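I am opening a new notebook page today, and I want to write down what I look up as I go through the sequence and the model.

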Amino acid sequence: MNIALLGYGRMGQTIEQIAIKRGHTIVLKVDKDDKDYDITKADVAIDFSIPTVAFSNISNCINNNVPVISGTTGWLEHYDNAIALCKEKKGAFIYASNYSLGVNIFFELNKTLAKMMSNLKQYNVSMEEIHHTKKLDAPSGTAISLANDIISNHKEFDNWKLDEHGETTIPITAKRIEDVPGTHTVTYESEVDSITIDHVAHNRQGFALGAVIAAEWIFGKTGVFTMNDVLNIG
């Protein structure tokens with residue numbers, strides 16, 4: 001496939017390496033200040049840009065009938081508009097807060113655990129995420145997805161907040177430490193014990209590989225999808 005990379009930071013560069021190894025061609029490398037580019041050169045686009053340009057990138061792809069995979073976080077106030085545009089134009093779109101295959105399995109474990117803990121009111125839940133110092137948003141999109149999945153599957157919690165506890169609020173602690181690709185921890189704690197699940201990324205390869213696999217999967221399809229569709233899980 002001919003792939004456009006929308007965003008050419010460290011993640012974009014890692015995606016490029018993996019895509020080439022898997023036999024694909026990178027036909028566009030679009031940085032944050034690039035505006036005049038021909039997206040129609042590409043069979044599919046992979047967006048790991050920045051929040052302020054993500055929706056513009058996604059809209060440009062959909063308007064030009066180019067399937068787009070987005071892993072940019074921090075732009076989701078426009079998510080419903082992207083979905084509506086994709087349906088109107090009969091385009092193809094996947095957004096995921098995290099493309100790692102392991103993280104998407106972790107998402108399902110988190111949902112299952114939340115259901116199991118729902119009737120055990122003696123346990124409070126909290127979350128921690130750790131990322132590299134160049135990550136712009138906090139909490140991470142992955143942490144937000146985990147929190148929202150707990151809210152959807154647990155009777156006692158209806159909100160999440162950064163560094164703020166509440167009776168029905170999931171507190172999320174966000175740390176920024178140099179060269180940490182991504183760690184997410186969910187903890188249920190009572191007076192007598194703690195139950196913890198976590199996912200620790202060792203490098204960016206897993207995120208990049210998942211994005212390329214998603215791009216391969218969506219090519220030739222029409223609709224709005226998730227990584228559960230790609231991996232046939234959940």
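How many bridges join strand 7 to strand 8, and do these strands run parallel or antiparallel? I keep in mind that I am reading a predicted model, and I find that 4 bridges join strand 7 to strand 8 (residues 169–176), the two running parallel. As one example of the pairing, I looked up Lys161, whose bridge partner in strand 8 is Pro171.

Next I looked up the sheet to which these strands belong. I read an open sheet of 5 strands in the order 7-8-6-9-10, and I note that its pairing is mixed. Its edges are strand 7 (159–162) and strand 10 (194–200), each of which pairs on one side only. On average, and with direction ignored, neighbouring strands of this sheet are turned by 20° against each other.

Then I turned to the helices. Helix 4 (residues 101–117) packs on the sheet, where I see it touching strand 9 (183–189) and strand 10, and its direction makes about 165° with that of strand 10. Helix 5 (residues 141–153) also packs on the sheet, touching strand 6 (124–131), strand 7, strand 8 and strand 9, and its direction makes about 165° with that of strand 6.

My last entry concerns Leu6, which I located in strand 1 (residues 2–6). Is Leu6 buried or exposed? I count Leu6 as buried because its relative accessibility is 0%, and buried means under 20%. Leaving aside residues up to four places away in sequence, I list among its contacts Val30, Tyr37, Ile39, Phe48 and Cys61. I also noted that the C-alpha atoms of Leu6 and Trp217, 211 residues apart along the chain, are separated by 18 Å.

Terms used. Residues are numbered from 1 along each chain as its sequence is written. This is a predicted model: local features need pLDDT of at least 70, side-chain atom pairs count only at pLDDT 80 or more; totals for chains, interfaces and linings use all residues. Side-chain values use heavy atoms; hydrogens and water are left out. Two strands pair if DSSP finds at least two bridges between them. Axes are lines fitted to C-alpha atoms, for helices over the stretch in contact, and angles run from 0 to 180 degrees between N-to-C directions. Contact means heavy atoms within 4.5 Å. Buried means under 20% relative accessible area, exposed over 50%, partly exposed in between (1.4 Å probe, protein chains only).
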